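Biologist: I have a model open and want to learn how to read its rings and pockets. Please take me through them.

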Amino acid sequence: MSRKSLNRREFLKKLGIGTGSAMALMALEPLNSLAQNNNKDNSGNHMTYRTQHGTGEKVSLLGFGMMRLPRDNQELVNQLVDYAIEHGVNYFDTAPMYGRGLNEGITGAALSRHPRDKYFVATKMSNYDEKYWTLDSAKEMYENSFKQLRVDYIDYYLMHGVGQGGMEQLEKRFLNNGLLDFLVKEREAGRIRHLGFSYHGDVRVFDWLINHNNDYHWDFVQIQMNFLDWRHASLQKGGWKEDADAEYLYNKLEKAGIQAVIMEPFRGGALSKMPEDCVAQLKAMHPGDSVARWAFRWVSSHPNILTTLSGMNVMEHLVENVATHSPLEPCTPAENELLEKIADIMQGIPTVPCTTCAYCMPCPYGVDIPGNFTFYNNALNNNLLPHKSDPDYATKQAQFVNDYFKAIPVAARANQCLDCEECLKKCPQGIRIPNQLSRINSVLRGR
């Protein structure tokens, strides 16, 4: 029986291997099947490329996520973009809402200095605000993206963050107003070359859209995927939504023949804050490899991924990530097994699943929500968080308070939260933000 006619679990069952280690599925993929796309481009780069279904276009396996770029340093952005393109990166992702509305313009200014056939640009319909729920207002956002990006066609266009607010919000944002039908027609006209959506939220929305693929013919779908969320995403959230693990999302896309674009492969940098004993296990296997290299290799080893986005706002990160994908060295079974073990360990640590995307900001009362969660998670991962059972509780609690007061300004601290819940509807992770901030306050008060 052809492997192409089976999904991964069925294939494993046919071989009598079982499905106990889903994270090691890549061990069954012939490594040379991945290496076939590791061809040099015309500049002699060794970047790994994936082929876009239907067009044969070669897309760099490393994509540049522009969201976290500085808003006030065009020269630095230009330097980053120049290095990326010079070294084979050709997928650049932005959105109208990034950088407080400035990111598309910054991205367009940097990319337009290069020949149009050197890059693919992705942007989104970020109509979260109700004022963009009419077709005419949404069209204004759409047309403005062309102006800001300085292009006459958009390579990859996404409905942004579907799933937040469930089916009701999907209907209001894209279906009842005819916006999705409009975007499909724009693809037919060639102004959009590939149409997809980014998923954050209620998995029932994801299922509905994939189940209606015959109606919309999705060219790609953007999902959050990393070695922790592969099996533990739905356990980590604790928020308002009916969520699913990345394993489910990826496998459903693969079965449907839809390529995946990956966001948060490093969980917004959170994986760099993993417990020290976990880092030690990775260093024991590969002493010279960073945690970031491990994370990107794991994600990019999956064959149905078109590109893996990385928010690279400093040259050091860009250089390292380019090297990781030039060419990509797929993870081995032993490496996958180690990462699966580490994911299980991390799942047992009750960190706040914040990716520091800052969609929740600004807070009406000045709370630095991502900053508070980053501090709390670091303390938790490094065994610095005081627990009542600790014999030296008073000392650890005093140290936690002292460090917290140094790190977080008075006006930005967790106790400024008045539980207005403005942030809830904005968080793509579905985190119950006021509840989580109250955890920090409890530690500060010694409760």
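Modeller: We will go from aromatic pairs to charges over rings, then to the pocket. This is a predicted model: local features need pLDDT of at least 70, side-chain atom pairs count only at pLDDT 80 or more, and totals for chains, interfaces and linings use all residues. Residues are numbered from 1 along each chain as its sequence is written, and side-chain values use heavy atoms, without hydrogens and water.

Biologist: How many aromatic pairs does the search find?

Modeller: Rings of Phe, Tyr and Trp (its six-membered ring) pair if their centres lie within 6.5 Å; planes under 30 degrees apart are stacked, over 60 edge-to-face, the rest tilted. The whole structure has 20 aromatic pairs. F64 and F92 are stacked, 5.8 Å centre to centre, with 25 degrees between the planes.

Biologist: Are F64 and F92 buried or exposed?

Modeller: Buried means under 20% relative accessible area, exposed over 50%, partly exposed in between (1.4 Å probe, protein chains only). F64 is buried at 0%. F92 is also buried, at 0%.

Biologist: Which residues form a ring cluster?

Modeller: Ring pairs join F197, Y199, F206, W208, Y216 and W218.

Biologist: Which ring does R116 lie over?

Modeller: A charge sits over a ring if NZ of Lys or CZ of Arg is within 6 Å of the ring centre and within 35 degrees of the ring normal. R116 lies over the face of Y153, 4.1 Å from the ring centre. The charged end of R191 sits over F146, 4.1 Å from the centre of that ring.
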